[in-house]
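Here is a short tour to read alongside the sequence and the coordinates. Please keep both open as you go.

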Amino acid sequence: MNSYTDLPLIEQAILTLSALVLLSSFALLAQSRVIATIKMFAWQGALLSVATVLVASDTGEHHLYFSAAMTLVLKVIFIPWLLIYQSRRLGILRDFDAVIRPGITLLIASALVIFCYSVVEPIQQYAASITRDAIALSLAVVMLSMLMLITRRKAITQVVAFMALENGLFFAAITTTQGMPMVVELGVAFDVLVATVIFGVFFFHIRDSIESLDVDQLNRLSENTK
Amino acid sequence: MIALTWTLLIPVAGMLLLALLSSPKVSGWLNLFVSILSFLSSCWLAKKVLKAGSFGGDQFYIDTFNVYLIVLTTFVGMTTAIFSRPYMQHEIEIARLTITRLKLYHASYQAFLFTMLLALSTNNLGVLWVALEGATLATVLLVSLYRTPESIEAAWKYFILCGVGIAQALFGTILLYLAAAKVIPDDGQALLWSVLHGRAAELEPAVMVIAYVFLLVGYGTKVGLVPLHNWLPDAHSEGPTPISAVLSGLLLNVALYAIVRVKMLTDAALMSGTDYNPQLAGHLMMGFGVISFTVAALFLHRQRDIKRLYSYSSIEHMGLMTFAFGIGGPLATFGALLHMMVHSLTKSAIFMTVGHASQIAGTQKMDHIRGLIETQPAVGWGLLIGTLAIAGFPPFGVFTSEFLLLTATMQSWPWLTIPLLLGLALAFAGLFRHLQPMVFGARPELQSAVYVNSLPMMIHLFLVLWLGLSIPSFLANWFDAATQLITGKALL
């Protein structure tokens with residue numbers, strides 16, 4: 001088992017970036033202002049695309065440069081821009097989406113990270129040294145995004161959580177398997193793009209139907225009331 | 001290969017044409033025409049596969065198992081298109097829909113069929129994921145087509161829950177790729193199912209187990225397995241009825257197909273190792289299956305909305321199929337394949353009559369749907385016979401497949417037949433306590449018949465009856481070939 005300082009410099013950098021990606025997930029979880037949440041999401045994308053470039057130069061997988069560029073365009077520029085543009089039009093850019101019991105939420109998040117490490121523990125011996133931590137870290141990003149999804153009440157922050165979850169999956173693909181086959185990556189990116197557009201349409205539908213973007217008020221369908 | 005190209009291209013062409021066409025009358029017919037063409041080309045494809053065996057192996061791979069589901073998909077797609085034309089016409093007339101939304105509806109309908117066919121025919125497990133996520137995207141705006149607060153809520157729930165659920169499946173696919181990359185050095189080949197299946201015994205069991213759990217949970221969300229089912233009754237009840245029919249009849253099957261494909265790989269990988277129980281994948285499916293089956297049967301009793309009632313019945317039957325594929329073995333697999341078909345046919349027929357029933361009553365609340373046989377015999381009897389069939393009465397096909405499944409359970413897990421029989425009885429009671437007042441009784445005032453094209457429903461119920469009385473030998477051989485493919489042993 002290599003220790004951190006034994007690794008080549010570039011792999012140390014990748015691991016540090018992985019840790020920063022996880023940190024950005026924690027930041028997303030604790031952030032309550034809509035605009036700050038979107039900006040933090042853009043930062044997470046930026047960290048991801050830098051990490052992808054480093055992995056690409058470390059492993060010599062040239063198609064990863066393309067993935068990095070795709071991440072940069074889609075997740076750092078296009079999606080945050082679209083979300084900010086739409087929340088400005090909906091007039092919710094400066095709104096707060098209060099985090100329910102931030103202390104407890106963050107404690108649960110830390111517990112989730114430990115849980116993720118224990119889930120992937122049996123796999124770790126089969127992975128290359130650098131990916132050992134990355135599998136657990138990326139699973140943690142996925143889990144933290146799910147936690148964010150259930151603790152948020154506004155449609156727009158839920159979408160950010162949804163996209164952050166996708167970031168976690170992309171991160172897993174980059175670090176554990178040096179990316180997926182190109183056709184799959186393109187397909188996933190296409191799905192994300194379509195999903196973004198549909199989410200955009202949805203914001204207006206939700207606002208028109210309940211005159212608010214608090215999904216708390218979407219509560220008509222349940223087993224008891226019908 | 002040409003047949004496959006046509007099968008995939010026709011829905012794409014249909015989608016583009018229907019997105020451009022704005023006349024509601026023509027687009028209904030065009031949608032039907034495109035669906036008929038798809039069905040014909042899929043029959044052509046099936047004929048080739050049955051004659052010459054499986055082909056493909058690069059990005060696409062067709063064998064007896066998936067070509068069976070391709071034909072079923074295009075068939076139900078076609079009959080639902082027959083049903084959808086007058087139904088959507090009626091919705092336009094009563095101004096529940098605008099013409100722009102009808103355009104969206106038709107284009108998305110074909111897009112949905114395309115994603116189903118892509119998911120079934122692709123050989124690449126990554127593309128399978130992309131196609132299933134694409135199916136969610138194609139149908140989410142259809143669920144909210146009526147733009148009522150309820151339908152928006154259902155669509156949002158569908159989008160978020162299915163999106164999060166299926167994200168787990170992508171994580172599983174990445175782990176699978178990690179295991180595969182060790183065995184198959186070529187990047188482009190490492191996610192191809194046919195390549196993986198050939199060398200599944202070399203895949204690392206420890207990685208495969210974790211990958212399988214993620215894939216099962218991910219695709220299981222789309223199958224509607226309890227406790228991941230919350231989106232399903234909402235999405236089925238709030239969307240337009242043709243969409244409920246294809247969601248229930250097709251989407252759930254395709255998601256289950258994905259699980260079965262992955263299970264085949266996991267089984268082979270675990271068989272070679274010693275650290276894990278080689279039946280682990282099957283046991284997990286059986287557990288999820290029994291829970292879904294029982295919980296859904298109980299939930300049938302407390303439903304108020306007619307479409308929610310039948311969507312819980314879908315969960316129940318998907319649970320039964322998951323359970324059967326989990327048992328493995330030729331008999332259970334044969335039964336599960338047959339059950340996939342009869343359930344699709346019966347459930348889509350039921351949703352068609354349910355659609356008409358709610359048009360007659362002007363509501364989906366079962367308390368207000370009364371005296372259907374007197375108001376309109378075709379709808380009343382259709383609902384009654386369809387429900388008899390889905391509850392597993394002889395001589396319908398559902399009885400045959402459930403009988404096979406019970407026999408298989410008796411052979412391998414005798415004590416599990418008790419919860420199964422109990423669940424079937426519960427589901428029967430749950431369906432009929434709601435059905436009886438709806439179809440019998442006096443006709444309420446102010447209730448009048450609507451225009452109904454009962455042809456698709458009659459075709460479906462007739463086929464289910466036929467499958468119950470005698471399965472044609474070519475179909476039995478077809479199922480048998482698929483069974484041999486999945487379990488390694490033939491039944492007949």
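The notes below cover confidence, the contact between the chains, and some helices of chain B.

## Ground rules and confidence

This is a predicted model, in which local features need pLDDT of at least 70 and side-chain atom pairs count only at pLDDT 80 or more, while totals for chains, interfaces and linings use all residues. Residues are numbered from 1 along each chain as its sequence is written, and chains are lettered from A and ligands numbered from 1 in the order in which they are written.

Chain A averages a pLDDT (the predictor's confidence in each residue, from 0 to 100) of 86, with 95% of the residues scoring at least 70. Among the elements of chain A (helices being DSSP runs of H or I, at least four residues, and strands runs of E, at least two, numbered from the N terminus), helix H2 (residues 34-59) has the highest mean pLDDT, 92, and H7(A) the lowest, 87.

## Where the chains meet

Chain A and chain B each bring 38 residues to their contact (C-beta atoms, placed from the backbone, within 7 Å). On the chain A side, helices H4 (102-124), H5 (131-151), H6 (155-177) and H7 (182-210) each supply at least two residues. H7(A) gives the largest share, 13 residues.

B:Ala206, in helix H8 (residues 205-223) of chain B, touches A:Pro122, A:Ile123 and A:Tyr126, leaving aside its neighbours within four places in sequence. B:Ala206 is buried (20 or more other C-beta atoms within 10 Å of its own; exposed is 12 or fewer, partly exposed in between), because 20 other C-beta atoms lie within 10 Å.

## Helix H19 of chain B

How far apart are the end C-alpha atoms of helix H19 (residues 473-487) of chain B? They are 20 Å apart, which agrees with the 21 Å that its 15 residues should span at 1.5 Å a residue (the expected span is 1.5 Å times one less than the number of residues).

Its buried residues are B:Trp478, B:Phe479, B:Ala481, B:Ala482, B:Thr483 and B:Ile486. They pack against helices H2 (24-52), H3 (64-93), H10 (241-272) and H13 (330-361) of chain B. After H19(B) comes B:Gly488, with a positive phi near 90 degrees.

## H10 and H13 of chain B

Two of those partners also meet each other: the axes of H10(B) and H13(B) come within 8 Å and cross at roughly 170 degrees. The two helices are therefore roughly antiparallel (angles over 145 degrees). Residues in this contact include B:Ser244 and B:Ser248 of H10(B), and B:Ser344 and B:Phe351 of H13(B).

Definitions and conventions:
Two residues are in contact if their C-beta atoms, placed from the backbone, lie within 7 Å. Axes are lines fitted to C-alpha atoms, for helices over the stretch in contact, and angles run from 0 to 180 degrees between N-to-C directions. Angles under 35 degrees count as roughly parallel, over 145 as roughly antiparallel, 65 to 115 as roughly perpendicular and the rest as oblique.
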